[in-house]
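Subject: Structure handover and findings

Hi,

Here is the structure for you to load. My notes follow below it.

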Amino acid sequence: MKKSRRHDADTYGAHGGKKIAWKPQLVKSLKIAAAAAMAIGLAGELGLAYSPTAGIITVLSIQNTKRETLRSAGNRWLAFLCALFLSKTCFTLMGYDLWAFGTFLFLFALLCLCAGWTEAIAMDSVLVTHFLAEGHMEPELVFDEVLLLLIGTGTGILVNLHLRRKEGQFDRLAQEADRQMKGILERMSGWLPREDKEGYQPDCFPRLREALHEAKACAVSDYGNTVLAKRTYELDYISMREQQSTVLKDIYDNIIRLRYLPAQAGQVAALLGQIGQDFHRDNTVANLLERREELLTEMKGQPLPQSREEFEARAILFYILMQTGQFLEIKREFVRSHRQGAGD
């Protein structure tokens, strides 16, 4: 109970809101400010008009991961080329006035929304306003705008080159989720053969979801910071554990329904205990699946139920065994798709 309260205190602020991680926010804020200042300074040294725009472009270019930053920069360059064509057409046909810019903005926003370039609308529109303000699109001015975009996006990419995968952090978070799943299985083994389950509460599942959520966020960040190699092991691992957690909740719901305890309850509880005992990343679950099949065969050969209560209880136990098989098969499929082997 104390541990749960400590966890809540660490996760949430005094007023129930999510606690802010100040250190990474401060680091990112400093990075944004320094990068923007550097971009503005470089644009000013090159004598570019509207040099502060380079800083704004830098701010908009800095994303949470390398992959997002590069994708965003690519989209903005494609959108900028389209913006040049559309603005040249509108200004040539209608003149350098508000109506021409409004027409351009309508067409450009429509194009970006359809193409999925929404992050480029504001940035490239600001660059086009320079043409409107100057009243021309001479090559020199267009070249200045190209340089502003190049400096802004380039600086944004450069400041994110330091981002690295956090494999150590992911391992710690994944191990915490695994530890909680192991504990859930061991609790199931202990509670299943009890008739009185009033004290068996599902409070462990919200904590497991939170642990999986944190590990998944780290896995997504790691994937985004791996530009060349598309290694999906961490994402697949957490996806596998999420699927297993859903099965565990179903098993819990069935254990709660079990009031009458036939002799087979102890056998199923022992299997859950064995799964919990052997629960770790590097278990291929082959032996556990074999043990489950042996138990199923053994139970099928036992005498038929002698009462309605026993029949219903054994049906629940049989269904729990089916869910246990699903739980293990999820892991075996993961192991098959990742030859390095990581199992439960």
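What follows is a short tour, from the overall fold down to single residues.

**Overall**

Please keep in mind that this is a predicted model. The protein chain has 344 residues, and 42% of them count as buried. Its secondary structure comes to 13 helices and 0 strands. Read from the N terminus, the order of elements is thus simply α after α. Contacts reach far along the sequence. Take those with a separation of 6 or more: 76% of them join residues 24 or more positions apart.

**Cores**

The largest nonpolar core holds 51 residues. Within that core, the residues with the most contacts are Met188, Leu192, Tyr237, Leu248, Ile255 and Phe327. Six helices each supply at least two residues to this core: α8 (167–191), α9 (204–224), α10 (233–257), α11 (264–277), α12 (286–300) and α13 (308–337). Another core, of 32 residues, lies apart from it. Leu48, Ala54, Trp117 and Ile121 are among its members.

Met188 is a good place to start looking. Which residues does Met188 touch, leaving aside its neighbours within four places in sequence? The list is Tyr200, Phe205, Leu248, Ile251, Tyr252, Ile255 and Leu272. Leu248 and Ile255 also appear among the residues with the most contacts inside the largest core.

**α10 against α13**

This helix pair deserves a view of its own. The axes of α10 and α13 come within 10 Å. They cross at roughly 175 degrees. Angles over 145 degrees count as roughly antiparallel, so that is the label for α10 and α13. By class, the contact between the two helices has 13 nonpolar, 6 polar and 5 charged residues.

**Salt bridges**

The count comes to 13 salt bridges. Three of them are described here.

- Asp203 and Arg187: their side chains meet at 4.0 Å, N to O. The pair links distant parts of the chain, with Asp203 in the loop between α8 and α9 and Arg187 in helix α8, 16 residues apart.
- Asp203 and Arg207: the closest N and O atoms are 3.8 Å apart.
- Glu312 and Arg308: the closest N and O atoms are 3.1 Å apart.

Asp203 takes part in both of the first two bridges. Arg187, Asp203 and Arg207 are thereby linked in a network. How accessible is Asp203? Asp203 has a relative accessible area of 41%, so it counts as partly exposed. Arg187, at 27%, is partly exposed. Arg207 is partly exposed too, at 29%.

The Glu312 and Arg308 bridge sits within helix α13. The two residues are 4 positions apart there, so about one helical turn separates them. An α-helix has 3.6 residues a turn, so residues three or four places apart point the same way. Is each partner buried or exposed? Glu312 is partly exposed, at 38% relative accessibility. Arg308 is exposed, with a relative accessible area of 66%.

**Glu310**

Glu310 is also in helix α13. Its relative accessibility is 14%, and the cut-off for buried is under 20%, so Glu310 counts as buried. Leaving aside its neighbours within four places in sequence, Glu310 is in contact with Tyr260, Pro262 and Pro305.

**α5 and α6**

Helix α6 spans residues 118–134. Its buried residues are Glu119, Ala120, Ile121, Met123, Asp124, Ser125, Leu127, Val128, His130 and Phe131. Ile121 is also one of the members of the 32-residue core. Just after α6, Gly135 takes a positive phi of about 75 degrees.

Leu105 lies in helix α5 (residues 98–115). Leu105 is partly exposed, with a relative accessible area of 30%. The C-alpha atoms of Leu105 and Ala122 are separated by 9.8 Å. Along the chain, Leu105 and Ala122 are 17 residues apart.

Best wishes

Note on methods:
Residues are numbered from 1 along each chain as its sequence is written. This is a predicted model: local features need pLDDT of at least 70, side-chain atom pairs count only at pLDDT 80 or more; totals for chains, interfaces and linings use all residues. Side-chain values use heavy atoms; hydrogens and water are left out. Buried means under 20% relative accessible area, exposed over 50%, partly exposed in between (1.4 Å probe, protein chains only). A nonpolar core is a set of buried Ala, Val, Leu, Ile, Met, Phe, Trp, Tyr and Cys residues joined through side-chain atoms within 4.5 Å. Contact means heavy atoms within 4.5 Å. Axes are lines fitted to C-alpha atoms, for helices over the stretch in contact, and angles run from 0 to 180 degrees between N-to-C directions. Angles under 35 degrees count as roughly parallel, over 145 as roughly antiparallel, 65 to 115 as roughly perpendicular and the rest as oblique. Ala, Val, Leu, Ile, Met, Phe, Trp, Tyr, Cys and Pro count as nonpolar, Asp, Glu, Lys and Arg as charged, and the others, Gly among them, as polar.
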